[in-house]
Amino acid sequence: MTTRFAFEKLGQDGKARLGRISTPRGEIRTPAFMPVGTAATVKAMMPESVAATGADILLGNTYHLMLRPSAERIDRLGGLHRFMNWERPILTDSGGFQVMSLASLRKLTEEGVRFKSHIDGSDHMLTPERSMEIQRLLGSDIVMCFDECPALPADRGRIEESMRLSMRWAARSREAFGDRPGHALFGIQQGGLEEDLRAESARALRDIGFEGYAIGGLAVGEGQEAMFACLDHAPDQLPEDRPRYLMGVGKPDDIVGAVKRGVDMMDCVLPSRSGRTGQAFTRHGVVNIKNARHADDPRPLDEGCSCPACRSYSRAYLHHVFRSQEMISGMLLTWHNLQYYQDLMAGMRAAIAAGTFADWEAGFHAARAAG
Ligand SMILES: CC#C[C@H]1NC(N)=Nc2cc3[nH]c(NC)nc3cc21
C-alpha cells in the first residue's frame, strides 16, 4: 500500500496508453471509466455493486455536496468515503461546471462566482480557495482545479477570456491546495475547440505543475466529429507522464475514440442516467427495453455480459419491470450499463497490453454494425 500518488505508464499502442495510478486508497487501472456519484451515491447502486462492476474510482461533485448536506457536515461525519461507504479512490469535480449548468443568478468576478442554490435559492460563493477547502473537507483523493465554465454558445473572445481567468484560478487552486501527500490536484485545460488557445492553456498549466491534467470544455454539445478533431491535438499538448482526464465523456464510441487519441480517464452520467430510463448498452448497440418487441423475449439482454441482469433475468422481465415502473428496473439496468462500461475499459486495457488495439477497435465497431 503506498502513501504516495503516482502514475505509471505500463504500455502504449499507437496513441492509446495503458497505465496505473497508485493512491493510498488503492490503484486505478487506466484507461479508466469513473461512475458518477454526484450526491454521495451512484444512483440506484449499492457501493459494493459499483465495486463489483470493476470500477476502481468514482466521481463526486463539490457543487451538490456543498449545498446538501454541506462539506462541513460530511467532514464532521468522517469524510465522503466513510459517509458513502466507498473506501476506494474518489475524484471530485470542483464546482465550476455545475454552477454554470445548474445554479441561477450567477455573478462572475475575478474573485470567483456568486450564485443561488438550485435547491433552495440560498446564496453561495465559490472561489478557487473555497473549492479547495470543500474538496479537502470531503477527503477527495483527486481534486479538480476551480475553473470558469462559460455559458454556450460562446465566441472566441469569450473563450479566450474565460480560459485565461481559469489559468489564474488554476494558480490560486494550486496555492490553496497546499502540500497533501497521497492526494492529487489536476489542472483543467480550457480553450474550447481552438487549438492555439488550448496550447496556451496547456503551457500555463505545465508551468504551474499538476499531478494530472484534465481536458475541459468538451462534451458540451459540440458533437463527436468536433470533439475528436480537438482530441487529435489536445492530449498531446499535455505532459505525457501524467494522467489525462477527459471530463464528461461519453457514449461508448466516444470513449473508444478518446482512448485511441491518448486519454486515460473519463466520467459520464450516461450509463447510470440512461439505465434508469430503460436504455441498455450492449455489444450490438443500444437496446430500449421498454419497446414492445421485448415483451416475450426470454433471452438475456446481452449474452456476453456477467452482470446480475444478464445472468438472471430475461428481456421480457426487464421490459415488464420498466413498464410497471418497479424500482428494480433502474437497479438492474444501471448495474448492467456500468458493467458494460467497465468491460469496455477492460477490453481496451487488454488490447493495448497485447498491441492489438486496432483489431479490438475494428471488432467493437463491427459488432455494433451487425446490430
Ligand atoms: C468549460 C469546462 C469544463 C470542465 N470543467 C469542470 N470543472 N468540469 C467539467 C465537467 C463536464 N461535463 C461535461 N459534459 C457532460 N463537460 C465538462 C467540462 C468540465
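This is a short tour of a predicted model, moving from a sheet to two helices and then to one serine.

**Stop 1: the sheet**

Select residues 6–13, the strand β1. Add β2, residues 16–23. Then add β3, residues 26–30. These three strands form an open sheet, in the order β1-β2-β3. Their pairing is antiparallel.

Which strands stand at the edges? They are β1 and β3. Each has a single partner strand, so one side of each is left without a neighbour in the sheet. Neighbouring strands are turned by 15 degrees against each other on average, with direction ignored.

Now look at the pairing of β2 with β3. The two run in the antiparallel sense and are joined over five bridges. For one pair to pick out, select Ile21 and its bridge partner in β3, Ile28.

**Stop 2: the helix on the sheet**

Keep the strands in view and select residues 327–354, which is helix α14. What does α14 touch in the sheet? It packs on the sheet and touches β1, β2 and β3. The direction of α14 makes about 115 degrees with that of β2.

**Stop 3: a second helix beside α14**

Select residues 252–260 for helix α10. Two packed helices are described by the angle between their axes and the distance between the axes. Here the angle is about 25 degrees, and the axes lie 11 Å apart. The two helices are therefore roughly parallel to each other, since angles under 35 degrees count that way. The crossing of α10 past α14 is right-handed.

Show the side chains where they meet. From α10, pick Pro252, Ile255, Val256 and Val259. Facing them in α14 are Tyr340, Tyr341, Leu344, Met345, Met348 and Ile352. By class, this contact has ten nonpolar residues, no polar ones and no charged ones.

**Stop 4: around α10**

Stay on α10 and show its surroundings. Is this helix largely enclosed or largely open? Eight of its nine residues are buried, so α10 is largely enclosed by the rest of the structure. Among the buried residues are Asp253, Asp254, Gly257 and Ala258. The residues Pro252, Ile255, Val256 and Val259 are buried too, and these four meet α14.

Step on past the helix to Gly262, which follows α10. Its phi is positive, near 100 degrees.

**Stop 5: Ser131**

Finally, select residues 128–138, helix α6, and find Ser131 within it. Is Ser131 buried or exposed? It counts as buried, because its relative accessibility is 0%. Leave aside its neighbours within four places in sequence, and the contacts of Ser131 are Thr62, Ser94, Leu126 and Phe146.

Terms used
Residues are numbered from 1 along each chain as its sequence is written. This is a predicted model: local features need pLDDT of at least 70, side-chain atom pairs count only at pLDDT 80 or more; totals for chains, interfaces and linings use all residues. Side-chain values use heavy atoms; hydrogens and water are left out. Buried means under 20% relative accessible area, exposed over 50%, partly exposed in between (1.4 Å probe, protein chains only). Contact means heavy atoms within 4.5 Å. Axes are lines fitted to C-alpha atoms, for helices over the stretch in contact, and angles run from 0 to 180 degrees between N-to-C directions. Angles under 35 degrees count as roughly parallel, over 145 as roughly antiparallel, 65 to 115 as roughly perpendicular and the rest as oblique. A crossing is left-handed if the near helix is turned anticlockwise from the far one by less than a right angle, and right-handed if clockwise. Ala, Val, Leu, Ile, Met, Phe, Trp, Tyr, Cys and Pro count as nonpolar, Asp, Glu, Lys and Arg as charged, and the others, Gly among them, as polar. Two strands pair if DSSP finds at least two bridges between them.
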